[in-house]
Amino acid sequence: MSGTPPLSPSQVPVGVDPARPSIARIYDGFLGGKNVYDVDRAVMEKINAVAPEAVDIARANRRFLGRACRFLATQTAIEQYIDCGSGLPTSENTHQIVQRTRPDATVVYVDNDPVVLAHGRALLEENDFVHMVEADVFQSQTVLTDPTIQRHVDFSQPLVLLHVATLHHLEGQHAPEVMRQYVDALPSGSYVVFSHFLDPENEATQVAKKIEQVMLSGPLGAGRFRSTAELAEILSGLEIIQPNATTGPGIVACDAWWPDGPRLAPASLAAQCIAGAVARKP
Ligand code: SAM
């Protein structure tokens, strides 16, 4: 990395400070989880006040994660997954989706939030192929050289790297470089599952800007909505998989990534503000 960039707020673990909101708990709250503290609820209320449909961002993102994992488990023979910024355990976690098709697949979860780590160790490490690592996912070398990852992931064989709803919490211009460092370590034939807050540069931009303002100006201090071009830069060097039957390879709203069926109701403006892609390392 050119120079050492200042730490983003999301790189400083929230610890047990009840006065500091947590990205993981807020996201879990939007998904209907019960782990929110008062300080998290206050941020959620501010977001809801400017964008009542903000919940659609979390839901669209999590549905995308599920479809992408199912796709890779069924359409590739890959049996090792690194899930960076895995979040609190919820109804369908990466290993449950993948192991339904590939029971022996290894999944290593990585996060820096102590509540995620505590719940993750209790609930996620339910079989010998699932592991939880505490690390800053924006420090790629720390993650890649972590002893648990080194022990359980074979970097001579293709693997799946998930960076789902993480890199928008990294401030500055370093996201492409962080991703490139990960991608450099992946063997050919590996896949990246990626999602990120999107400024769709249309009528939904106003929603993106309002939520970004709340996230950046409040105690959370992180949450950037980047343009499609900026997201494409993060995935540069990778082959983006065609995202649906009618769109050429590229980055689309999470809800447009191989949806389960035809859309019967229009997407809310908020749902257009989270983009997803699955990409292959050539
Ligand atoms: N990937 C999951 C998903 O999409 O459903 C969870 C996404 S949640 C919005 C973001 C997660 O990234 C949280 O669990 C948070 O603790 C984690 N996170 C944010 N910054 C991080 C960092 N610097 N290092 C490790 N984890 C981080």
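Analyst: A residue counts as near a molecule if one of its heavy atoms lies within 4 Å of it. This is a predicted model, with pLDDT of at least 70 needed for local features and 80 or more for side-chain atom pairs, while totals for chains, interfaces and linings use all residues. Residues are numbered from 1 along each chain, and side-chain values use heavy atoms, without hydrogens and water.

User: Which residues come nearest to the ligand?

Analyst: The ligand has 21 residues around it. By class, these are 10 nonpolar, 7 polar (Gly among them) and 4 charged. Those that come nearest are Tyr27, Asn61, Arg62, Gly85 and Asp111.

User: Which residue has a polar side-chain atom 2.6 Å from an oxygen atom of the ligand?

Analyst: Let's go through the polar contacts (N or O pairs within 3.5 Å). Val137 places a backbone N or O atom 2.9 Å from a ligand nitrogen, and a polar backbone atom of Val164 is 2.8 Å from a nitrogen of the ligand. The side-chain atom at 2.6 Å from a ligand oxygen belongs to Asp111.

User: How much of the ligand's area does the protein bury?

Analyst: Taken alone, the ligand exposes 590 Å² (Shrake-Rupley, 1.4 Å probe). The share of this that the protein buries is 98%.

User: Which elements give two or more residues to the shell around the ligand?

Analyst: Helices here are DSSP runs of at least four residues, numbered from the N terminus. Two or more shell residues come from each of α1 (23-30) and α3 (55-75).

User: What space does the ligand take?

Analyst: A pocket is an open set of points on a 1 Å grid, with protein on both sides within 12 Å along at least five of seven lines, and its lining residues have an atom within 4 Å of a point. Here, 42 residues line a pocket of about 700 Å³, and those closest to its centre include Tyr27 and His169. Its lining draws two or more residues from each of α1, α3 and α9 (205-217). The ligand takes the space of this one, the largest pocket.

User: How many cavities of 30 Å³ or more does the search find?

Analyst: In a cavity a 1.4 Å probe fits but cannot get out. The largest cavity has a volume of about 30 Å³, and Tyr27 and Arg62 are among the residues lining it. Across the whole structure, the number of cavities of 30 Å³ or more is 1.

Terms used
Polar contact = N/O pair within 3.5 Å; in protein donor to acceptor, adjacent residues only side chain to side chain. Sits in = over half its atoms within 2 Å of the grid points. Points joined across faces, edges and corners; volume = space filled by probe spheres on them.
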